[in-house]
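Colleague: Could you walk me through reading a fold, feature by feature? Please start from the general idea each time.

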Amino acid sequence: MAPMSSTEVGAVYGTAERRRLLELAARSIEHGLERGAPLSVDPQDYPETLQASRATFVTLEIGGQLRGCIGVLQAFRPLVVDVAQNAYAAAFEDPRFPGLQPPEFPRLEIHISVLSPAEPLRFASENDLLRQIRPGIDGLILQDRAQRGTFLPSVWEQLPGVNQFFEHLKRKAGLPFGYWSDTLQVARYTTESFGTTVSELFGDAPVRA
């Protein structure tokens, strides 16, 4: 499986910690298939680095095609709990897809993105904003009144141009191409991202960063 290529700024988690998080995500999905609920997690069973409150997204793919992606933008629960809950939700609660079926589980690719705290951007115009965005590094949160959307840094792989990235983010937030408003708010964040396949996890293969 090809590694995720979003740029990491100051990686925090080692190979063993990443593997534990990916195994946790897989077990939570498996628990969902068996019992219809996410795996219950006791943070005290994990190292302190994995108990800290962090925000994550869990992305699922099959054959390189998106199969579910769910996450949160603000940290409010322990990292291991967030991963277990988001993995289950990505498999069974993403409204774009039907719930995951048992035959799909062994074919899953699981990607976890741990988000940094969001940093509000200050700008005088759209051009000023676009000059501040770092391609391949920044995830963006766009909001204008009730309309809101985000793109993870991994989306730069499909939308490498700054204008292209930002215009498609507007559409995701429910705003038209070319939209601009003085009330528009944008924040950025970075991610530490890693992933592997279910078959690699249970085959004792190394986690790919």
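The dialogue below takes the sheet, a helix, the cores and one residue in turn.

Modeller: Bear in mind that this is a predicted model.

Colleague: Begin with the sheet. In what order do the four strands of the open sheet lie?

Modeller: The order is β2-β1-β3-β8, with antiparallel pairing. Look next for the edges. β2 and β8 (191-197) each have a single partner strand, so one side of each lacks a neighbour in the sheet. From one strand to the next, the twist averages 15°.

Colleague: How many bridges join β3 to β8?

Modeller: Seven, and the two strands run antiparallel. For a register mark, take Glu 109, which stands opposite Thr 197 in β8.

Colleague: Which strands does α1 touch as it packs on the sheet?

Modeller: α1 touches β1, β3 and β8, and its direction makes about 120° with that of β3. α3 also packs on the sheet. It touches β1, β2 and β3, at about 35° to the direction of β1.

Colleague: Stay with α3. How far apart are its end C-alpha atoms?

Modeller: Start from the rise. At 1.5 Å a residue, the 14 residues of α3 (residues 79-92) should span 20 Å. The end C-alpha atoms are 20 Å apart, which agrees.

Colleague: How many of the residues of α3 are buried?

Modeller: First the general idea. An α-helix has 3.6 residues a turn, so residues three or four places apart point the same way. Now the case here. Twelve of the 14 residues of α3 are buried, so the helix is largely enclosed by the rest of the structure. Among them are Val 80, Asp 82, Asn 86 and Tyr 88. The buried residues pack against α1 (15-35), α2 (48-51), β1 (55-62), β2 (65-71) and β3 (108-115).

Colleague: Now the interior. Which residues have the most contacts inside the largest nonpolar core?

Modeller: In soluble globular proteins, nonpolar side chains tend to be buried together. Here the largest nonpolar core has 31 residues, and Ile 29, Ile 110 and Ile 112 have the most contacts inside it. α1, β1, α3, β3 and α6 (198-202) each supply at least two of its residues. The largest share, eight residues, comes from α3. Ile 110 touches residues including Leu 22, Ile 29, Val 58 and Phe 194. A second, separate core of 18 residues includes Leu 129, Leu 130, Leu 140 and Val 155.

Colleague: Last, a single residue. Is Asp 144 buried or exposed?

Modeller: Check the relative accessibility against the cut-off: buried means under 20%. Asp 144 is at 3%, so it counts as buried. Asp 144 lies in strand β5 (residues 139-144). Beyond its neighbours within four places in sequence, Asp 144 contacts Leu 175, Tyr 179, Ser 181, Thr 183 and Leu 184.

Notes: Residues numbered from 1 in each chain as written. Predicted model: local features only at pLDDT ≥ 70, side-chain atom pairs only at ≥ 80, totals over all residues. Heavy atoms only, no water. Buried < 20%, exposed > 50% of the residue type's maximum accessible area, 1.4 Å probe, protein only. Contact = heavy atoms within 4.5 Å. Expected span 1.5 Å × (residues − 1). Pairing = 2+ DSSP bridges. Axes fitted to C-alpha atoms, helices over the stretch in contact; angles between N-to-C directions. Core = buried A, V, L, I, M, F, W, Y, C linked by side-chain atoms within 4.5 Å.
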